[in-house]
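Thank you all for coming; I would like to walk you through one model this morning, moving from a loop to the sheet and then to the parts around it. Please have the picture in view while I talk.

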Amino acid sequence: MLTSVSRRRLASEAMNQRVLIIEDEFLIALDVADTIENMGLKVVGLANARKHALSLAAHADIALVDVNLADGRTGPEIGRELAEQYGLTVVFMTGNPEDIADGVDGTIGVLTKPVMPEVVEQTIGYAIANRLGGMAIVPRELKVFRGNAN
């Protein structure tokens, strides 16, 4: 019975996770947002640069972050700041994963674009489990940074 109650509480907490998408390609951001909303989660906003991303940080739990944004190669620093200062669970999505091959402090890992909707779903599921202390299979397409695997 206790396990059943714990599972329901975890499921309820999982569905309350809010996602921030930091991507300068508007159509990609919309596509990712649609996938996340179809999962039943809330997208708190789309940002294409550092200032807007940080203004939305307090309203999010999870962030998907591109490396190269409208204001330059600011994604890695934004991701680190979101994780360390705001406590967000951060996953990068980029066409240039080699740019962050050594990882970014406090963040989970990186997906190589283009990313299929089912991979976004699996990765968000993994990020939620990671955030809430649950267990989940690491999506095959997600390169997890050292020290961050569940």
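Let me begin with glutamate 98, which is exposed, with a relative accessible area of 54%; on this scale buried means under 20% relative accessible area, exposed means over 50%, and partly exposed is in between, with a 1.4 Å probe and protein chains only. This is a predicted model, so local features need pLDDT of at least 70 and side-chain atom pairs count only at pLDDT 80 or more, while totals for chains, interfaces and linings use all residues. Residues are numbered from 1 along each chain as its sequence is written, and side-chain values use heavy atoms, with hydrogens and water left out.

Glutamate 98 sits in the loop between strand 4 and strand 5, where helices (H or I, at least four residues) and strands (E, at least two) are DSSP runs numbered from the N terminus. The C-alpha atoms of glutamate 98 and valine 110 are separated by 9.7 Å, and the two residues are 12 residues apart along the chain.

Now to the sheet. It is an open sheet of 6 strands in the order 2-1-3-4-5-6, with mixed pairing, and two strands are said to pair if DSSP finds at least two bridges between them. Strand 2 (42-47) and strand 6 stand at the edges with a single partner strand each, so one side of each has no neighbour in the sheet.

Strand 3 is worth following residue by residue. Strand 3 pairs with strand 1 in the parallel sense over 4 bridges, and strand 3 is also joined to strand 4 by 4 bridges, again running parallel. Between strand 1 and strand 3, leucine 20 has alanine 63 as its bridge partner, and isoleucine 22 has valine 65; valine 65 in turn has phenylalanine 92 of strand 4 as a bridge partner. As for the side chains of strand 3, Ile62 and Leu64 point one way and Ala63 and Val65 the other, and all are buried.

Which residue carries the "modified residue: 4-aspartylphosphate" feature in UniProt? The record, an unreviewed entry, places that feature at Asp66; UniProt positions are given in the numbering used here, feature names are shortened, and annotations may be inferred rather than shown by experiment. Aspartate 66 lies in the loop between strand 3 and helix 4, and it counts as buried because its relative accessibility is 5%. Leaving out residues up to four places away in sequence, aspartate 66 touches Ile22, Glu23, Asp24, Gly75, Met93, Thr94 and Lys113, where contact means heavy atoms within 4.5 Å.

One of those contacts, aspartate 24, is in the loop between strand 1 and helix 2 (26-38), and aspartate 24 is partly exposed, with a relative accessible area of 29%. With the same sequence neighbours set aside, up to four places away, aspartate 24 touches Asn48, Asp66, Asn68, Leu69 and Ala70.

Another of them, lysine 113, is joined to proline 114 by a cis peptide bond, with omega near 0°, and proline 114 is found in the loop between strand 5 (109-112) and helix 5.

Helix 4 (residues 75-86) comes next: its 12 residues reach 15 Å from the first C-alpha to the last, close to the 16 Å expected at 1.5 Å a residue, the expected span being 1.5 Å times one less than the number of residues. Its buried residues, including Ile78 and Leu82, pack against strand 1 (18-22), helix 3 (50-56), strand 3 (62-65) and strand 4 (89-94). After helix 4 comes glycine 87, whose phi is positive, near 75°.

In helix 5 (residues 117-132) we find threonine 123, which is buried, with a relative accessible area of 1%. A polar atom of its side chain lies 2.8 Å from the backbone oxygen of valine 119. Beyond its neighbours within four places in sequence, threonine 123 is in contact with Val91, Leu111, Pro139 and Leu142.

I will finish with phenylalanine 92, which counts as buried at 0% relative accessibility, as does phenylalanine 145 at 4%.

How values were computed. Polar contact = N/O pair within 3.5 Å; in protein donor to acceptor, adjacent residues only side chain to side chain.
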